[in-house]
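Work through the exercises below with the sequence and the structure at hand, and try each task before you read its solution.

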Amino acid sequence: MDSLEKTFVALARQLVRDVLPMILEAVAADSRNPSLKGDGSFVTETDLAVEHRFIARLRSAFPALPILAEEGVEAGSHMKDGDPVAFYEPFMRHPQQIVIDPIDGTKNFVEGRREFCVAAALTHSVGTGVWPAAGVVALPAKGVMYWTEGVKVFREDLASDRVEEIVRCPAPDKRISVSSKDRQWLEAHAFEMKLPWVSAGSSVHDFLGTATGDLCGSLVGKQRLWDVMAPLAIALRLGCNLRDLQTGEVVSSLAPTDLSRDLLHRPWGIERKMVLAPCDSTLTDLVAPR
């Protein structure tokens with residue numbers, strides 16, 4: 001593995017362990033006091049504290065790399081004017097980037113559910129866009145963390161420190177994950193799901209489920225860039241790929257033209273409809289035109 005990727009993964013894993021007590025204490029306290037962001041989603045003091053810790057340490061370790069983090073984007077929502085492509089390009093043109101989602105599934109976190117994640121990815125420029133080079137995804141309430149190293153994926157027990165290499169093991173229950181907004185899009189565009197759908201309330205959680213084999217696939221479309229990069233890094237190494245829903249084309253980079261033009265309400269929002277699924281699966285077995 002590239003030395004930059006190796007250093008990033010080691011630091012991100014340590015940061016997960018550093019913030020774990022803070023997160024679990026908030027879960028146990030049952031008083032997470034959420035606020036509403038401009039897009040109507042929840043944010044808590046824990047989200048902000050986790051993001052601050054990650055940014056401080058990663059910026060110190062990688063001072064030359066631009067960092068994209070969810071809550072920082074919300075704080076800078078003044079960027080409503082200007083050309084969206086020009087807005088995204090400076091970040092994407094850099095040879096490497098860091099993308100952080102401090103707590104994905106904040107509503108689940110607030111409501112005391114276990115399906116929330118901490119995600120961090122190292123990405124790199126491919127063509128005019130970005131693509132994951134390494135990723136770390138932790139499920140604090142479930143006590144596990146997944147991460148990549150070269151072509152391998154590892155699962156780490158946060159209580160025992162036990163680390164094991166994993167492969168994709170498909171579950172017998174065949175399901176796909178689709179968000180509520182994307183279900184509405186499918187209905188409006190005359191697509192149907194060929195399998196029962198699920199939505200855990202955390203895109204990172206569901207994408208990871210597709211990567212490991214708990215799900216047959218996941219629709220990607222109304223998420224933000226930080227929802228996708230870390231679990232995608234893991235999924236790619238476990239034999240999955242990302243395909244354009246309408247053309248079937250394998251996607252190898254997310255470019256500025258794939259992202260939202262609404263810089264006030266949905267900066268870094270993905271607009272291109274894609275399916276994350278095993279490379280040997282057939283797209284029309286998951287989602288197909290009526």
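## Exercise 1: The surroundings of β7

Decide whether β7 is largely enclosed or not, and give the reason.

Solution. Start by noting that this is a predicted model, and then go through the strand residue by residue, calling a residue buried when its relative accessible area is under 20%. Five of the six residues of β7 turn out to be buried, and therefore the strand is largely enclosed by the rest of the structure.

## Exercise 2: The partners of β7

Find which strands pair with β7, and in which sense they run.

Solution. Step one: β6 pairs with β7 in the antiparallel sense over four bridges, and within this pairing L139 stands opposite V144 of β7. The hairpin that these two strands form has four residues between them, and here G143 takes a positive phi near 70°.

Step two: β8, which covers residues 152-157, is joined to β7 by six bridges and also runs antiparallel to it, with T148 standing opposite V153 of β8. In this second hairpin two residues lie between the strands, and G150 takes a positive phi near 65°.

## Exercise 3: The core

Name the two residues that touch the most other members of the largest nonpolar core, and say which element gives the most to this core.

Solution. The core holds 41 residues, and V137 and W268 are the two that touch the most other members. Among the elements that each supply at least two residues are β6, β7 and α8, and of these contributors α8 gives the most, with eight residues. Leaving aside residues up to four places away in sequence, the contacts of V137 include V144, M145 and Y146, as well as L208 and I234.

Key: Residues numbered from 1 in each chain as written. Predicted model: local features only at pLDDT ≥ 70, side-chain atom pairs only at ≥ 80, totals over all residues. Heavy atoms only, no water. Core = buried A, V, L, I, M, F, W, Y, C linked by side-chain atoms within 4.5 Å. Buried < 20%, exposed > 50% of the residue type's maximum accessible area, 1.4 Å probe, protein only. Contact = heavy atoms within 4.5 Å. Pairing = 2+ DSSP bridges.
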